[in-house]
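Let us walk through this fold together, one step at a time. Please have a look at the sequence and the model first.

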Amino acid sequence: MDERERQREAVKARLRLRVPGLKKSIGAGDVVRKATEALGIEHCSDCDRRKERLNRWLQFDSYLDENDATS
């Protein structure tokens, strides 16, 4: 298996977590990025790479609760 095939498999293996009440999908890296920005931590190129890897690994998807659904 070459590097490109491994990368495709890694993308397929991404975890998706449905979160009730979430308006739009967001990656785990974006969550970490927003938290560190709120704390005033400076970002570097390593932070950007970490953000991209976390986004590929875990995605929080929007999910409507049965109570939130409008009929």
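At roughly what angle do the axes of α2 and helix α3 cross? In this predicted model, the axes of α2 and α3 (residues 45-57) cross at roughly 140° and come within 6 Å. Since angles over 145 degrees would count as roughly antiparallel, α2 and α3 are therefore oblique to each other. On the α2 side, the contact is made by Ala28, Gly29, Asp30, Val32 and Arg33. On the α3 side, Cys47, Asp48, Arg50, Lys51, Leu54 and Asn55 take part.

With that helix pair in view, let us step back to the whole chain. There are 3 helices and 3 strands, and reading along the sequence gives the pattern α-β-β-α-α-β. The chain has 71 residues, of which 18% count as buried. Its accessible surface comes to about 6,000 Å², and 51% of that surface belongs to carbon and sulfur atoms. If we take the contacts between residues at least 6 apart in sequence, 82% of them join residues at least 24 apart.

A word on confidence is useful before we go into detail. The mean pLDDT of the chain is 82, with 77% of its residues reaching 70 or more. Among the elements, helix α2 (residues 28-38) has the highest mean pLDDT, at 95. The lowest mean, 69, belongs to helix α1 (residues 3-12).

Now for the sheet. The 3 strands form an open sheet in the order β1-β3-β2, and their pairing is mixed. β1 and β2 stand at the edges with a single partner strand each, so one side of each is left without a neighbour in the sheet. Strands of a sheet pair through backbone hydrogen bonds, either parallel or antiparallel. Both kinds of pairing can be followed here from β3. Strand β1 (residues 15-20) runs parallel to β3, and 6 bridges join the two. Strand β2 (residues 26-27) runs antiparallel to β3, and 2 bridges join that pair.

Which residue of β3 is the bridge partner of Arg16? The partner is Gln59, a residue of strand β3 (residues 58-63). Gln59 is also the bridge partner of Gly27. The neighbouring pairing to follow is that of Ile26, whose bridge partner in β3 is Phe60.

Is Gln59 buried or exposed? Its relative accessibility is 13%, so Gln59 counts as buried, the cut-off being under 20%. Leaving aside neighbours within four places in sequence, Gln59 is in contact with Arg14, Leu15, Arg16, Leu17, Ser25, Ile26 and Gly27. Several of these names are worth finding in the model. Among them, Arg16 is a bridge partner of Gln59, and so is Gly27.

How does the sheet relate to the helices? α3 lies across β1, β2 and β3, running at about 55° to β3. Ala28 gives us a way from the sheet back to the helix pair. Ala28 has its place in helix α2, and its C-alpha is 6.0 Å from that of Gln59, although the two are 31 residues apart in sequence. With a relative accessible area of 10%, Ala28 is buried. Beyond its neighbours within four places in sequence, Ala28 is in contact with Leu54, Asn55, Leu58 and Phe60. Of these partners, Leu54 and Asn55 are among the α3 residues that make the contact with α2, while Phe60 is the bridge partner of Ile26 in β3.

Further along the helix pair, we meet Val32 in helix α2. Is Val32 buried or partly exposed? At 31% relative accessibility, Val32 counts as partly exposed. Val32 touches Arg50 and Leu54, not counting residues up to four places away in sequence. Lys51 is 19 residues from Val32 in sequence and 7.4 Å from Val32 in space, C-alpha to C-alpha.

Arg33, also found in helix α2, completes the tour. Setting aside its neighbours within four places in sequence, Arg33 is in contact with His43, Cys47, Asp48 and Lys51. Arg33 and His43 are 10 residues apart in sequence, and their C-alpha atoms are 8.4 Å apart in space. Cys47, Asp48 and Lys51 bring us back to where we began, as they belong to the α3 side of the contact with α2.

Conventions. Residues numbered from 1 in each chain as written. Predicted model: local features only at pLDDT ≥ 70, side-chain atom pairs only at ≥ 80, totals over all residues. Heavy atoms only, no water. Helix = DSSP H or I, 4+ residues; strand = E, 2+ residues; numbered from the N terminus. Buried < 20%, exposed > 50% of the residue type's maximum accessible area, 1.4 Å probe, protein only. Contact = heavy atoms within 4.5 Å. Areas by Shrake-Rupley, 256 points an atom, 1.4 Å probe, with all protein chains shown as cover. pLDDT = per-residue confidence, 0-100. Pairing = 2+ DSSP bridges. Axes fitted to C-alpha atoms, helices over the stretch in contact; angles between N-to-C directions. Parallel < 35°, antiparallel > 145°, perpendicular 65-115°, else oblique.
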